[in-house]
Amino acid sequence: MKKTWWKESVVYQIYPRSFKDGNGDGSGDLRGIAAKLDYLQWLGVDVLWLCPIFQSPNDDNGYDISDYRAIMAEFGTMADFDELLAQAHRRGLKILLDLVVNHSSDEHAWFVESRKSRDNPYRDFYIWKEGKNGQEPNNWGSAFGGSAWQYDPATAMYYLHCFSKKQPDLNWDNPAVRREVQDIVRWWLDKGVDGFRMDVINLISKDPRFPDGPVAPGKLYADCSLALNGPRVHEYLRELHQNVLSKYDIMTVGETGGVTPAIARDYVAENRAELNMLFHFEHMDLDKDRERLAQKPFRLTELKRILSTWQKDLGDDGWNSLYWNNHDQPRVVSRFGNDQEYWEKSAKMLATCLYLQRGTPYIYQGEEIGMTNMAFETIADYRDIGVLHAYQEEVVQKGRDCQEFLRYQRHFSRDNARTPMQWDDSANAGFSGGTPWIKVNPNYRRINVSAQMTDRESILHYYRRLIKTRKENEVILYGSYDLILADSEEIYAYIRALDKQGLLVVCNFTAQTPLFELPEHIRYSAGQLLIGNYTVTDGPMARFSLRPYECRAYLFSFTEEIYRLK
Ligand code: NOJ
């Protein structure tokens, strides 16, 4: 397998609006990020992924871009960005930008032109269709609810928007669109950025027949995700790679819903020359019933099956990204851990379980201090367009019980991840001197960076140790992966191997005390505890009782050839 810097890096994701407010207007900004570079360097991460920082009317918090070469006014100026990039580079930190080019804002100059007339030169930058019998062109629904088509009276046609109606989909079948995107990407790379996270990138090629899709019970429209992995997506990504990306030493990660490991190979296998890695979502729906907007029981065996399949199937050709959290997901400690009695133990265990696997870790701001979900009380507390649309549809239109709806959102809403970063126990968690754009989680007095900095047993120090441990051990970076005890609903255990070097990772996902027993065929010597979340005094690594949410990782040597991994 080829070794590269991005396989050895740890990425830290920043949601700029909620990270650090540098000018007291209640919104985070670029100067705020710059003020925290020392902290990020201390933590030991290598790459900072910034969620969109470009000019935007903020219908979807920056995922609706009206100028790809300008900085959003709330976040600062281009000079602030240049300064941030220079300061980050001086510290050896790289910067990844968010490329949102499946759609633009309806306020982008291209769309302003496009909607003017049917023969405008920019008309074909977007996807316009005639209605069918006075109805939408097909039955596709937008991810935020309602039809994915918006009627535009100026030209009496509909345009496609897989997200909000202020996010019209770009028409990638038009070579002029692809040229513009390439120019934008080149422009930022020439400025010195180190790569891109590509928003819903496997949605860029639509089936030209625009066929109707299946409609789930109780729904009015077909899920727009049926347009994922379309007919020309690989052609377009290869073109982007060949013309632009391949000329720079950068990293790319595609956000790709609806991909299995088999589909993923076509995007990330080395000979494909498309992307370096992907974000898949297979482990993100384990506890969520999307159709019914309800929680469903989490099964550890399912989580293990999913993550292990990705580990095995992308094997030596391809690369995984490892994440529990991002700005679209609830906080993992509240989700797969225990944010009450075992908050600290379970946060450390979850990090150990995932970040000792093979792939590039993505730590989402606040995860490193165990930030939790937020119990917003009323709909007025929410800011996310997704929640607000769903409320209109489910509660206002369909009459669903409001409390039940809010209960679901307390578990799964994207705003759980978007509350301000908790820096210290001063007003607004030290995030802003103004009024924050979204409520601060009241637990900030207990959970904050400053308190954890001074406590060497904190989650924060543990993350720092874990990051360092990854870098110091080649077996973590490049070793193979094998799941053991696949049927256990309590223990997630696996073995990494690189030549004779082995790593055993054992994680208890429960508040019980299950017994761990190493399968007998694994012969080892010199088992030595590398990292764990409890003090360990008992004997060998082959058999021990786990305490609630305990995790341990042991380094060892294989003594017999029988343990052949791959
Ligand atoms: C995925 C982004 O992560 C999400 O925040 C956004 O709403 C959609 N793409 C649309 O851009």
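User: By class, how many nonpolar, polar and charged residues does the shell around the ligand have?
Analyst: The model is a predicted one, and in it the residues around the ligand include Y63, H103, F144, R197, E255 and R418. Sorted by class, this shell has three nonpolar residues and two polar ones, while the charged residues in it number seven.

User: How much of the accessible area that the ligand has on its own does the protein cover?
Analyst: Side chains of the shell reach oxygen atoms of the ligand, among them that of D60, where an N or O atom is 2.5 Å from a ligand oxygen, and that of H327, where a polar atom lies 2.8 Å from a ligand oxygen. A polar side-chain atom of D328 likewise lies 2.5 Å from an oxygen atom of the ligand. Of the 290 Å² of accessible area that the ligand has on its own, the share covered by the protein is 97%.

User: Which helix gives the largest share of the largest nonpolar core?
Analyst: The largest nonpolar core has 148 residues, and those touching the most other members are Y12, L40, L48, L50, F81, L97 and Y492. The largest share of this core amounts to eight residues, and these come from helix α10, residues 343–355.

User: Which residues does L40 touch, not counting residues up to four places away in sequence?
Analyst: L40 is one of the residues that touch the most other members of the largest nonpolar core, a group that also includes Y12 and L48. Leaving out residues up to four places away in sequence, the contacts of L40 are Y12, I14, F19, V45, L48 and L93.

User: Is Y39 buried or exposed?
Analyst: Y39 has its place in helix α2, which spans residues 37–43, and beyond residues up to four places away in sequence Y39 touches Y12, E368, M421, W423, V449, M453 and L460. One of these contacts, M453, is 414 residues from Y39 in sequence, although the two C-alpha atoms are 10.0 Å apart in space. Because the relative accessibility of Y39 is 7% and the cut-off for that class is under 20%, Y39 counts as buried.

User: With the side chain of which residue does the side chain of S104 make a polar contact?
Analyst: S104 is found in the loop between β5 (94–99) and α4 (109–114), and its relative accessible area is 0%, so S104 is buried. Not counting residues up to four places away in sequence, S104 touches I65, Y68, Y126, K166, Q167, P168 and L170. The polar contact, at 2.7 Å, joins the side chain of S104 to the side chain of Y126.

User: How far apart in space are S104 and H161, C-alpha to C-alpha?
Analyst: In sequence, S104 and H161 are 57 residues apart. In space, taken from C-alpha to C-alpha, the separation of S104 and H161 is 9.7 Å.

User: What is phi of A156 near?
Analyst: Most residues other than glycine have a negative phi. A156 sits in the loop between β8 (149–152) and β9 (157–160), and at 34% relative accessibility A156 counts as partly exposed. A156 is a residue other than glycine with a positive phi, near 55°.

User: Where does Y549 lie?
Analyst: Phi of Y549 is positive, near 55°, in a residue other than glycine. With a relative accessible area of 7%, Y549 is buried, and its place is the loop between β23 (543–545) and β24 (551–558).

Notes. Residues are numbered from 1 along each chain as its sequence is written. This is a predicted model: local features need pLDDT of at least 70, side-chain atom pairs count only at pLDDT 80 or more; totals for chains, interfaces and linings use all residues. Side-chain values use heavy atoms; hydrogens and water are left out. A residue is near a molecule or strand if one of its heavy atoms lies within 4 Å of it. A polar contact is a pair of N or O atoms within 3.5 Å; within protein, one must be able to donate a hydrogen and the other to accept it, and residues adjacent in sequence count only if both atoms are side-chain atoms. Accessible areas come from the Shrake-Rupley method with a 1.4 Å probe; for residues, only the protein chains shown count as cover. Ala, Val, Leu, Ile, Met, Phe, Trp, Tyr, Cys and Pro count as nonpolar, Asp, Glu, Lys and Arg as charged, and the others, Gly among them, as polar. A nonpolar core is a set of buried Ala, Val, Leu, Ile, Met, Phe, Trp, Tyr and Cys residues joined through side-chain atoms within 4.5 Å. Buried means under 20% relative accessible area, exposed over 50%, partly exposed in between (1.4 Å probe, protein chains only). Helices (H or I, at least four residues) and strands (E, at least two) are DSSP runs, numbered from the N terminus. Contact means heavy atoms within 4.5 Å.
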